[in-house]
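Q: I should like to learn how to read the features of a protein model. Could you take me through one, beginning with the sheet?

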Amino acid sequence: MDLLNVEAGEARRRMDSPACVLELLGLLVYVGAWLCALGSTILPQWLTKSTSLLPTESYDLGLWETCVVQDIGGMECRSYDSLLGLSSDLKLARISMCTALAVGLLGIVVAVPGLHLINSCKNYEGHRTKRTLTITGGVLGMMSGVLCLVPVSYIAHLAVMHFYDEKVPEVVPRWEFGDALFCGWAAGFLLVVAGLIMVTSTWCSQAEHHPAPQRRCHAKRDRDLRKRSEYV
C-alpha cells in the first residue's frame with residue numbers, strides 16, 4: 001500500500017508539472033493584460049487629432065479628459081465638466097472598460113487560490129474545488145477581454161466612419177487612432193488568451209487524480225484474487 005501511495009504521488013507530481021506551468025503562464029499574462037487594460041482606461045490618447053493650421057499642437061481625446069499637446073513638450077489636460085453632457089459613445093466606453101476591469105480583477109482573485117502551487121485543499125475534493133476556481137477565473141478573464149474589446153473596437157469604428165465621411169470637407173481635421181486604442185486591443189486579446197490558458201491548464205490536471213483510485217481498485221482486486229487462490 002505504501003508503494004502504491006508513493007507511485008501515486010510521483011505520478012501526480014509528474015502530471016502537475018505541465019498544469020503548474022500553464023497556470024503560472026496564464027496568471028502572468030492575466031495580470032499583465034489587466035494592467036494594460038487599466039492603462040488604456042486611464043490614458044487620454046484614445047483618439048488624436050492634429051491640424052495643418054496649428055502644426056505645433058495636437059489634441060487627444062480620452063474617456064476622462066481631453067488634452068492639448070505641444071511639440072515643445074507641454075501638455076494641458078482638462079476633465080469633462082459633466083457626466084450627463086458626455087456623448088453616448090464615451091458613456092458606453094466608460095461603463096464597458098470599468099466593468100472589464102472589475103470582472104478581470106475578480107477573475108484574478110478567484111484564480112489565485114486555484115493554483116496548484118498554493119498549499120491548500122490537497123485532498124481529492126480540494127482538487128475539484130481548485131479546478132472549479134481555475135475554470136471560473138479563466139472564464140471571467142475571457143469575459144473581461146470581450147468587455148474590453150467591445151468599446152475599443154466601437155470607438156475605432158466610429159473614428160473610421162468619420163474619417164472617411166464624404167460629407168466632411170477635406171480641410172477639416174479628423175480624429176485618428178491613439179495609443180490607448182492599441183493598448184486596449186492588446187489588453188483584450190491577452191485577457192482572452194490568459195483565460196483560455198487557465199481553462200486549458202485544468203484539462204492537463206483533470207486526469208491526474210484518477211490513477212490513484214484505479215491503482216487502489218487494482219490492488220484490492222489482486223488481494224481478493226490472492227485470497228481466493230489461497231483458499232482453493
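A: Two strands pair if DSSP finds at least two bridges between them. Helices (H or I, at least four residues) and strands (E, at least two) are DSSP runs, numbered from the N terminus. In this structure, five strands form an open sheet in the order β4-β3-β2-β1-β5, with antiparallel pairing. The edge strands, β4 (75–79) and β5, each pair on one side only. The model is predicted: local features need pLDDT of at least 70 and side-chain atom pairs count only at pLDDT 80 or more, while totals for chains, interfaces and linings use all residues. Residues are numbered from 1 along each chain as its sequence is written, and side-chain values use heavy atoms, with hydrogens and water left out.

Q: In which order do the elements of the protein run from the N terminus on?

A: They run α-β-β-β-β-α-α-β-α-α, and the protein has five helices and five strands.

Q: How many bridges join β2 to strand β3, and which residues are the bridge partners of Ser58 and Glu57 in β3?

A: Five bridges join β2 to β3 (residues 65–70), and the two run antiparallel. Ser58 has Val69 as its bridge partner in β3, and Glu57 has Gln70. A hairpin of three residues connects β2 to β3. Strand β2 (residues 57–61) also pairs with β1 (residues 47–50), in the antiparallel sense over four bridges; there, Asp60 in β2 is the bridge partner of Thr48.

Q: How is a nonpolar core recognised, and which residues have the most contacts inside the largest one?

A: In soluble globular proteins, nonpolar side chains tend to be buried together. A nonpolar core is a set of buried Ala, Val, Leu, Ile, Met, Phe, Trp, Tyr and Cys residues joined through side-chain atoms within 4.5 Å. Buried means under 20% relative accessible area, exposed over 50%, and partly exposed in between (1.4 Å probe, protein chains only). The largest core here has 32 residues, and Trp46 and Leu181 have the most contacts inside it. The elements that give two or more residues to this core are α1 (2–42), α2 (88–111), α3 (124–163) and α4 (179–206). Its largest share, eight residues, comes from α2. Of the 232 residues of the protein, 36% count as buried.

Q: Which residues does Leu181 touch?

A: Contact means heavy atoms within 4.5 Å. Not counting residues up to four places away in sequence, Leu181 touches Gln45, Trp46, Leu47, Val152, Ile155 and Ala156. Across the protein, among contacts between residues at least 6 apart in sequence, 66% join residues at least 24 apart.

Q: Is Leu35 buried, partly exposed or exposed?

A: Leu35 lies in helix α1 and counts as partly exposed because its relative accessibility is 49%. Its C-alpha atom is separated by 9.9 Å from that of Leu105, 70 residues apart along the chain.

Q: In which strand is Phe177 found, and why does Phe177 count as partly exposed?

A: Phe177 is found in strand β5 (residues 176–177). Phe177 counts as partly exposed because its relative accessibility is 32%.
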